[in-house]
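Thank you for asking me to look over this entry. My notes follow as numbered points, to be read with the sequence and the coordinates open.

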Amino acid sequence: MAMLPSRIRHAFRANAAVQWACLLAASVFFVAFLEALQLSAALLLGPMIAAMVVASAGARIRVHNTVFSATQAIIGCMIARAIPVSILHEAAAQWPIFALGVGSTIAMAALFGWILTRWRVLPGTSAIWGSSPGGAAAMTVMAEAYGADIRLVAFMQYLRVLCVTTMASLVASTVGRGHPATTTIWFPAVDWFSLAQTLALAAAGLITAKTFRIRGGVLILPLIAGAILSNTGLIHIELPPWLLAASYALLGWSIGLRFTLEILAHAARAFPRVLAAILALIAACAGVGQILVETSGVDPLTAYLATSPGGIDAVAIIATDSNVDVPFVLSMQFARVLIVLATGPWLARFIAGRSGLSV
């Protein structure tokens, strides 16, 4: 962008319509490129990468918070659709496996957050919140509420989401290669009544979460309510492929557009150590996944996705597009999100106290 004539740069930065057009065109390009490489979750990764490129070029456009929240609610419904009630029995029957998978990921994330805090890689408690393996949006909101630097927390959270999404997508595509390709019918016949129920569920979750200021509730409430209602036969969750594709794109844009030059410049000196910590965390979680493979008979890709350190929305997209035990993956991810949301403030205070900081 810097090599373009100044008039073109000025026109780009001053015209929101041009920025949206560039974002849309870049998203189509990256989605097509990633689809050609047979990468899972190309509909999420493509828009995310495109948004990062456009934001780095000086774009000021943003996905509205309400739209971002709506995409989270839709994805919460998607996760709910994939969770049968039998998961509760499975989790109870295999509680040692779930305890190992969930507890070890949280413990390792806390360890890396403590190390980064002790080394003063990021100021205050930013590294603690940035390392928390819950939903990225929820952790960012909670961090701001508890006094951390929201920009650095967002940088670390979304950098981890990008790394986890890319690594999990590559692993899923590599391990899953050889399975027969499926052709997506983008505009199938739609049960409009069920779709209306699904959208009402998402809207109710969004409104309730905003009204009562429930941290992470935009995703969690539709997920919990949808799982209960669908498993009891009260509703049928209907999510046409075109609606999911739009939700994935909006989620990718919401994440990618946060990677502004300001955030990147602010975190530039910390970037190598933060990235190293993130990759080490991913590797450590993969090691836990291997333990699950050896001790419980879970297939490698299922174990890898189940123990990947968030976020649940990105992993859910990859899992549903891969040949894995989706309920197992999502139930372990969901359990971890609930625990992190419940213990996050206490854990931040505990680690900060051991590091000589205050929350």
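1. Cys77 is a buried residue, with a relative accessibility of 0%; here buried stands for under 20% relative accessible area, exposed for over 50%, and partly exposed for what lies in between, with a 1.4 Å probe and protein chains only. Cys22, by contrast, is partly exposed, its relative accessible area being 32%. A search of the whole structure gives zero disulfides, where a disulfide would be a pair of cysteine sulfur atoms within 2.5 Å.

2. On the basis of these notes: the model is predicted, local features need pLDDT of at least 70 and side-chain atom pairs count only at pLDDT 80 or more, while totals for chains, interfaces and linings use all residues. Residues are numbered from 1 along each chain as its sequence is written, and side-chain values use heavy atoms, with hydrogens and water left out.

3. As to the overall fold, the secondary structure consists of 17 helices and zero strands; helices are DSSP runs of H or I with at least four residues, strands are runs of E with at least two, and both are numbered from the N terminus. Of the 359 residues in the protein, 52% are buried. Among contacts (heavy atoms within 4.5 Å) with a separation of 6 or more, 77% join residues 24 or more positions apart.

4. The largest nonpolar core contains 114 residues, and Met78, Ile79, Val274 and Leu305 are those with the most contacts inside it. Such a core is a set of buried Ala, Val, Leu, Ile, Met, Phe, Trp, Tyr and Cys residues joined through side-chain atoms within 4.5 Å. As a general point, nonpolar side chains tend to be buried together in soluble globular proteins.

5. Met78 deserves a closer look. This residue belongs to helix α4, residues 65-81, and is buried at 3% relative accessibility. Beyond its neighbours within four places in sequence, Met78 contacts Leu239, Leu244, Tyr248, Ala316, Ile317 and Thr320. The C-alpha atoms of Met78 and Leu239 are 7.2 Å apart in space, although 161 residues separate the two in sequence. Ile79, with the same neighbours within four places set aside, is in contact with Leu219, Leu223, Ile312, Ala316 and Leu330.

6. Val324 sits in the loop between α16 (312-320) and α17 (326-354), yet at 15% relative accessibility this loop residue counts as buried. Apart from neighbours within four places in sequence, Val324 is in contact with Leu301, Thr302, Leu305, Ala319 and Val329; Leu305 is also one of the residues with the most contacts inside the largest core. From the C-alpha of Val324 to that of Thr302, 22 residues away along the chain, the separation is 5.2 Å.

7. Where does Ser194 lie, and is it buried or exposed? Ser194 lies in helix α10 and is buried, at 5% relative accessibility. Leaving out residues up to four places away in sequence, Ser194 touches His236 and Glu238. Thr166, which has its place in helix α9, is partly exposed at 30% relative accessibility, and its C-alpha is 9.8 Å from that of Ala314, 148 residues apart along the chain.

8. Two backbone angles should be checked by eye. Arg120 and Arg213 each have a positive phi of about 55 degrees although neither is a glycine, whereas most residues other than glycine have a negative phi. Arg120 is in the loop between α6 (95-118) and α7 (126-131) and is partly exposed at 47% relative accessibility. Arg213 is in the loop between α10 and α11 (217-231), and its 75% relative accessibility makes it exposed.

9. On the surface, the accessible area of the protein is about 16100 Å², with 67% of it belonging to carbon and sulfur atoms; areas come from the Shrake-Rupley method with a 1.4 Å probe, and for residues only the protein chains shown count as cover. Trp186, Phe187, Trp192 and Trp242 form a nonpolar surface patch that together has about 520 Å² of accessible area. Patch members have over 30% relative accessible area and no salt bridge, like charges being joined within 9 Å and nonpolar side chains (Val, Leu, Ile, Met, Phe, Trp, Tyr) within 5 Å; a salt bridge is a side-chain nitrogen of Lys or Arg within 4 Å of a carboxyl oxygen of Asp or Glu. Trp186 lies in the loop between α9 (150-176) and α10 (192-211) and is partly exposed, with a relative accessible area of 36%.
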